[in-house]
Amino acid sequence: MKAATLTDADNMPRSVRANDANRLEMTDLPTPDYYRYPWVAIESVTRTPQGGVLVAWPDGQQLECHPLWLRENCPGPGGIDPRSKENDLDVQDLDISTRIRDAFLDAGALVVEFTPEARQASFHPGWLRHVADGLHHPFSLLPTPKPWTAHDLQIPPTHDGPSVLEDDDAMAAWLHDLLETGLARLTCLPLESQVVGLVGSRIGALRDSNFGVTWHVSVDLDPNSTANTNARLPAHSDLPSRETPPGFQLLHCLENTVSGGQSTMTDGLAVINYLQAKEPDVFRCLTTLEWTFSNRDANHDHRWTGPVVDKGDGRIPWTFRAFHPVRGFPAMSQHEIGNSYRSLQRLGEIANSAEFQIRYELEPGDLIAFDNRRIMHGRESFDSSEGTRQLRGTYLDADEVYSRMRVLARAITSQEQS
Ligand code: OGA
Ligand code: ZN
């Protein structure tokens, strides 16, 4: 698609008007968000056949801007509200015939005059550049997950708990490891039952469930979950009986005077990469054959149907639904049920194998955080007559962790620029 080029006569006189005084003014241009963008001056602006513009930077990066999208993102009333930084233009009030009558650069910023509405708007070139670079996409500012096996990782990445409670840079480093590796440990935290809630609330809103906002894992409790027994828990994920299982889980160890009960962790991403490459039929069964999961007690009846490994829509991380105590009913044809059981056994063999699973002691004062949809966690059995093993846990939706990570990264980027 060839874009019509603005003539020099269109461009020059206005560009030349840019001087140091209005450059200062321009660099204060509002943006529709809370980031401070570097002033990445645009080099050229040309017309597109859709009545929009194509802007280009000296390094060759380009962004095609549709006139209706630019009009919606105009700073000020009838566009982006400077207080909420959200759009206050109801799309029904948008004139669908909106075109760009004139476009030029002022100190490297894009200035546009719309028609038929006679409105002029200036756009911060750094904000346009972040769109051109794809930095507005949900996962762009988050660490890329790095799949691991027991060859790559022996113990969870470990950080100092009290520092994370007090300091945002320490928090950012911990969350970075949590998102990259899928798990990260804190040590030396106080042995108080409210600590898991304090750490979780530093990230965002805690996710309530029928176990409460925070909950004990202890053999002393009337077991409404297999977790509250002394049984071994093989590699699993929590609450697969929900439409969206909790994104992240925090477990804080308050007391541990039993032998046994070691914690285990397996990276589901590494397991699924292996199966996809080496055992495609197991991969097919796990990702396509569905089960109905249910989690019930006297007052609750949670149910959801999905595959054991849910690939979602391809944009979100995969979700493991792996907890045999709540996997109730096959939701597949009879001739696939045997295949599904065989694939579940194979998943268990691999996920609990020395090649894929790490095993470590959970000491009092430790807190392990992990991605409950990616990492399969577990524990060894223990002898509860030997002493006490008390954990306190909580869940958070993945959105909370992602949001906190982006905001902390935003603060660090702003510090670097100022
Ligand atoms: C759980 C769980 C692990 C442990 O409560 O879901 O997996 O170490 N607990 O007790
Ligand atoms: Zn669990």
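Two residues are in contact here when they have heavy atoms within 4.5 Å of each other. Keep that cut-off in mind as we go.

**Before you start**

You are looking at a predicted model, in which local features need pLDDT of at least 70, side-chain atom pairs count only at pLDDT 80 or more, and totals for chains, interfaces and linings use all residues. Residues are numbered from 1 along each chain as its sequence is written, chains are lettered from A and ligands numbered from 1 in the order in which they are written, and side-chain values use heavy atoms, with hydrogens and water left out.

**The whole chain**

Start with the protein chain in cartoon view. The chain holds 11 helices and 21 strands; these are DSSP runs numbered from the N terminus, with H or I and at least four residues for a helix, and E and at least two for a strand. Of its 418 residues, 50% are buried. Buried stands for under 20% relative accessible area, exposed for over 50%, and partly exposed for values in between, using a 1.4 Å probe and protein chains only. Among contacts with a separation of 6 or more, 75% join residues 24 or more positions apart.

**Stop 1: Arg71**

Select Arg71, which sits in helix α3 (residues 67-72). Its relative accessibility is 5%, so Arg71 counts as buried. Now show what surrounds this side chain: beyond the neighbours within four places in sequence, Arg71 is in contact with Gly78, Gly79, Leu89, Leu94, Thr98, Phe114, Glu117 and Arg119.

**Stop 2: unusual backbone**

Most residues other than glycine have a negative phi, and most peptide bonds are trans. The next three selections depart from that pattern.

- Ala107 has a positive phi near 55 degrees. Find it in the loop between β4 (99-106) and β5; with 10% relative accessibility, Ala107 counts as buried.
- Pro116 is in the loop between β5 (109-115) and β6 (119-123). The peptide bond leading to it from Thr115 is cis, with omega near 0 degrees.
- Leu239 is not a glycine, yet its phi is positive, at about 55 degrees. Look for Leu239 in the loop between β10 and β11 (248-256); its relative accessible area is 8%, so it is buried.

**Stop 3: helix α6**

Move on to residues 168-181. What distance should the 14 residues of α6 span, at 1.5 Å a residue? The expected value is 20 Å, and the end C-alpha atoms are 20 Å apart, so the two agree. That expected span is 1.5 Å times one less than the number of residues.

At the N-terminal end, Asp167 caps the helix, with a side-chain oxygen 3.4 Å from the backbone nitrogen of Asp169. Colour α6 by burial and you will find 10 of its 14 residues buried, including Met171, Trp174, Leu175 and Leu178. Just past the helix, Gly182 has a positive phi of about 90 degrees.

**Stop 4: the zinc ion**

Select ligand 2, the zinc ion. Which protein atoms are its donors? They are His236 (NE2), Asp238 (OD) and His377 (NE2), lying 2.1 to 2.2 Å from the ion. Donors are N, O and S atoms within 2.8 Å of the metal (3.2 Å for Na, K and Ca), and sites may look incomplete because water is not among the atoms.

Along the chain, the donors follow the spacing H-x1-D-x138-H. The two histidines bring distant parts of the chain together: His236 belongs to strand β10 (residues 233-236) and His377 to strand β20 (residues 375-379), 141 residues apart. His236 counts as buried at 4% relative accessibility, and His377 counts as buried at 6%.

**Stop 5: ligand 1**

Stay in this region and select ligand 1. The residues around it (those with a heavy atom within 4 Å) include His236, Asp238 and His377, along with Val217, Leu251 and Leu391. Strands β10, β20 and β21 (389-396) each supply at least two residues of this shell.

Next, show distances to the oxygen atoms of ligand 1. An N or O atom in the side chain of Arg379 lies 2.7 Å from one of its oxygen atoms, and a side-chain N or O atom of Arg389 is also 2.7 Å from an oxygen atom of the ligand.

**Last stop: Ser381**

Finish in the loop between β20 and β21, where you will find Ser381. With a relative accessible area of 41%, this residue is partly exposed. Its C-alpha atom is 9.7 Å from that of Pro234, 147 residues apart along the chain. Not counting residues up to four places away in sequence, Ser381 touches Asn230, Ala231, Arg232, Gly260 and Gly261.

Definitions and conventions:
Polar contact = N/O pair within 3.5 Å; in protein donor to acceptor, adjacent residues only side chain to side chain.
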